[in-house]
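Let's take a friendly walk through a protein model together. Keep the sequence and the 3D view at hand as you read.

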Amino acid sequence: MRVTDIVKKRMLFSFEVFTPKTPAGEEKMFREGGVLDKLTELQPDFISCTYGAGGQRAGNNLEVLKHIALGGRTIPVAHYTCIGNTREGIKAELETYLENGVDHILALRGDMPYGMKDTGGDFHYATELVKYIRTTFGDQFTISVAGSPEGHIASRSLEADIAFLKAKQDNGADYVTTQLCYDMEQFERWFDAIRKAGVTLPVVVGVMPVLDIGATINMALSRNGCALPRELARIISRHWIFPNVYAPNEDEAEIRRKKDAFTEEGMAYTLRQIDKYRALGVNGIHLYALNKYEAVTRLVKESGLIYP
Ligand code: FAD
């Protein structure tokens, strides 16, 4: 079964995990009853795994994806980037994915490692990577591409970014997976705008669960330039840890109470996002699971993404 077949029939839901960075993380990910087991039990339509662009962990998502493929219970989706990759290297790595039962790919430009101004590879944009994969591998891969509801941080305008999304469609992409966007009104404007621009691809919305103040601010502002809408900003302010979320000096019990209260309100915010996106008629909800299955299990059940 391919993602493109599923979305013809119904809305899907999926998870994103990242490659474990330590032996303890690997144990947590792969053991019986670990992250992959627990997430798979929820019967997602696919699980995607990130690709560390540059640096030591580049391209090491194969172990996670192989594990998912061998389990045979859901579709493994490989994130893949242009960073540091040549045509020949890409061909060889993609052949390895296919040999290991991985035939879905999220084709990305990739986040530039700190200090890099170029991809350092043969391709500079995701449009080129999509074209290369489609031309080299025909229909062997189902190809997803990134969409940025607020416009990519480096784009000169939202309109330019949407034009490049259309180019990814023209080059052979099959569906869009979006960047996190806490601002539901902006998402709706973008969703209308891409349809007007002729982007007909199915859209699977990336939803970052709001669980922790520091992580929420970090995800929005460290790389992506995402807006924090007033409702979310108020939740953050109500549970602010003084004087600084990163170096708190309140007493332990008070900090715990605030963190728990923030998580509760954050979960409720995330559920409202899922409701809103489903009502807009998106093709899927992609939960950034962050290798934490307790919170996403609750979200999946309470949102009704899986039926009891
Ligand atoms: P592109 O579509 O190439 O766009 C990059 C910028 O260039 C944009 O500003 C765009 O407007 C502009 N542009 C695009 N095409 C052209 C063109 N032909 N000419 C001029 N300008 C152009 N990063 C990782 O490193 N690893 C991951 O695993 C990872 N997973 C992700 C998962 C999801 C669901 C999403 C949405 C993003 C993920 N990213 C990941 C982040 C992504 O790599 C970054 O956002 C990156 O900076 C841009 O990637 P892109 O594919 O959107 O790039």
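What follows is a tour of a predicted model, starting at the ligand and moving outward.

## The surroundings of the ligand

Start by finding the ligand. It is surrounded by 25 residues, and the closest are Tyr51, Arg109, His152, Asp161 and Lys168. Sorted by class, this shell has 10 nonpolar residues, 10 polar residues and five charged ones.

Some polar contacts are worth looking up in the viewer. The side chain of His79 has an N or O atom 2.9 Å from a nitrogen atom of the ligand. Two backbones also take part: an N or O atom in the backbone of Asp111 is 3.0 Å from an oxygen atom of the ligand, and a backbone N or O atom of Ala126 is 2.8 Å from an oxygen atom of the ligand. On its own the ligand has 980 Å² of accessible area, and the protein covers 88% of it. Which elements give two or more residues to the shell? They are the strands β3 (75-81), β4 (104-108) and β6 (175-178), along with the helices α6 (126-137) and α7 (158-170). The largest share comes from α7, with three residues.

## Helix α6

Ala126, which you met beside the ligand, is also one of the buried residues of α6. The others are Thr127, Leu129, Val130, Tyr132, Ile133, Arg134 and Phe137. What do these buried residues pack against? Their partners are β3, α5 (87-99), β4, β5 (142-147) and α7.

The helix has 12 residues, and the distance from its first C-alpha to its last is 16 Å, close to the 16 Å expected at 1.5 Å a residue. After α6 comes Gly138, which has a positive phi near 55°.

## Arg134 and Ile143

Now zoom in on Arg134 in helix α6. Is Arg134 buried or exposed? Its relative accessibility is 17%, so it counts as buried, since the cut-off for buried is under 20%. A polar atom of the Arg134 side chain lies 2.8 Å from the backbone oxygen of Phe141. Leaving aside residues up to four places away in sequence, Arg134 touches Asp139, Phe141, Ile143, Asn171, Gly172 and Asp174.

One of those partners, Ile143, belongs to strand β5. Ile143 is buried because its relative accessible area is 0%. With residues up to four places away again left out, Ile143 has contacts that include Val130, Ile133 and Arg134, three of the buried residues of α6. Ile143 also touches Ile105, Ala107, Gly172, Ala173, Asp174 and Tyr175. Ile105 is 38 residues from Ile143 in sequence, yet their C-alpha atoms are 5.1 Å apart in space.

## Loops to visit

The loops have their own points of interest. Asn224 sits in the loop between α9 (213-221) and α10 (230-238). A relative accessible area of 17% is why Asn224 counts as buried. One polar atom of its side chain lies 3.1 Å from the backbone oxygen of Met219. Not counting residues up to four places away in sequence, Asn224 touches Met219, Ile153, Gln179 and Leu180.

Gly281 is found in the loop between α11 (252-280) and β8. With a relative accessible area of 44%, Gly281 is partly exposed. Measuring from C-alpha to C-alpha in the model, you would find Gly281 and Val204 10 Å apart, while 77 residues separate them in sequence.

## Two residues with positive phi

To finish, look at two backbone angles. Gln43 is not a glycine, but its phi is positive, near 60°. Asn291, also not a glycine, has a positive phi of about 60°.

Where are these two residues? Gln43 is in the loop between α3 (35-41) and β2 (46-49), and Asn291 is in the loop between β8 (284-288) and α12 (293-303). Their surroundings give an instructive contrast. Gln43 has 62% relative accessibility, so it counts as exposed. Asn291 has 8% relative accessibility, so it counts as buried.

Definitions and conventions: Residues numbered from 1 in each chain as written. Predicted model: local features only at pLDDT ≥ 70, side-chain atom pairs only at ≥ 80, totals over all residues. Heavy atoms only, no water. Helix = DSSP H or I, 4+ residues; strand = E, 2+ residues; numbered from the N terminus. Buried < 20%, exposed > 50% of the residue type's maximum accessible area, 1.4 Å probe, protein only. Near = heavy atom within 4 Å. Polar contact = N/O pair within 3.5 Å; in protein donor to acceptor, adjacent residues only side chain to side chain. Areas by Shrake-Rupley, 256 points an atom, 1.4 Å probe, with all protein chains shown as cover. Nonpolar A, V, L, I, M, F, W, Y, C, P; charged D, E, K, R; others polar. Expected span 1.5 Å × (residues − 1). Contact = heavy atoms within 4.5 Å.
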